[in-house]
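The following exercises are to be worked with the sequence and the structure at hand. Each task is followed by a solution in steps.

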Amino acid sequence: SGAVREVVVPGETALLIPPGDHETLATVLLALHDDPERRERLGRAGAAAAHERFDMRKTARRLEKIYEDALAR
């Protein structure tokens, strides 16, 4: 979906697996199981990106600006 693409930076905020690629999914899950630091890093980065992009106050300010610009025209 669009929201996922806005937050996901492959390898930084998430790991992307092609749909239906069960072998790669299993390999990645096992690798993450064995690397708690990477799990934490991905989790923190993903949460920060989602918070930054979808924070309600910031979203409301952006929407308010759009309306102000439209009314000014």
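**Exercise 1: Fold and confidence**

The protein chain contains four helices and zero strands. The model is a predicted one.

Task: State in which order the elements of the protein chain run from the N terminus on, and find where confidence is lowest and where it is highest.

Solution. Step 1: Reading from the N terminus, the order of elements is α-α-α-α. Step 2: For the protein chain, the average pLDDT is 90, and 95% of the residues score at least 70. Step 3: Confidence is lowest in helix H1 (residues 2-7), where the mean is 66. It is highest in helix H2 (residues 22-33), with a value of 97.

**Exercise 2: Overall shape and surface**

Task: Set the radius of gyration of the protein chain against that of a compact globule of 73 residues, then describe burial, surface and charge.

Solution. Step 1: The protein chain has a radius of gyration of 17 Å, whereas a compact globule of 73 residues would have one near 11 Å. Step 2: The C-alpha trace spans about 55 × 25 × 15 Å along its principal axes. Step 3: Residues count as buried when their relative accessible area is under 20%; 11% of the 73 residues fall in this class. Step 4: The exposed area of the protein chain is about 6100 Å², and carbon and sulfur atoms supply 60% of it. Step 5: Among contacts with a separation of 6 or more, 50% come from residues 24 or more positions apart. Step 6: The chain carries 12 positive and 13 negative charges, and the mean positions of these two sets lie 6 Å apart.

**Exercise 3: The setting of Val8**

Task: Locate Val8, classify its accessibility and list its contacts beyond four places in sequence.

Solution. Step 1: Val8 is placed in the loop between H1 and H2. Step 2: Its relative accessibility is 21%, so Val8 counts as partly exposed. Step 3: With neighbours within four places in sequence set aside, Val8 is in contact with Thr13, Ala14 and Leu16. Step 4: Ala49 is 41 residues from Val8 along the chain, and their C-alpha atoms are separated by 8.1 Å.

**Exercise 4: Two charged residues**

Task: Decide whether Arg5 is buried, partly exposed or exposed, and do likewise for Asp69.

Solution. Step 1: Arg5 belongs to helix H1. Step 2: The limit for an exposed residue is over 50%; Arg5 has a relative accessible area of 68% and is therefore exposed. Step 3: Between Arg5 and Ala72 there are 32 Å from C-alpha to C-alpha, at a sequence separation of 67 residues. Step 4: Asp69 sits in helix H4 (residues 56-72). Step 5: Because its relative accessible area is 31%, Asp69 is partly exposed. Step 6: The C-alpha atoms of Asp69 and Leu30 are 50 Å apart, with their positions 39 residues apart along the chain.

Conventions:
Residues numbered from 1 in each chain as written. Predicted model: local features only at pLDDT ≥ 70, side-chain atom pairs only at ≥ 80, totals over all residues. Heavy atoms only, no water. pLDDT = per-residue confidence, 0-100. Helix = DSSP H or I, 4+ residues; strand = E, 2+ residues; numbered from the N terminus. Buried < 20%, exposed > 50% of the residue type's maximum accessible area, 1.4 Å probe, protein only. Contact = heavy atoms within 4.5 Å. Rg over C-alpha atoms; globule rule 2.2 N^0.38 Å. Areas by Shrake-Rupley, 256 points an atom, 1.4 Å probe, with all protein chains shown as cover. Lys, Arg positive; Asp, Glu negative; His and termini not counted. Charge placed at Lys NZ, Arg CZ, Asp CG, Glu CD.
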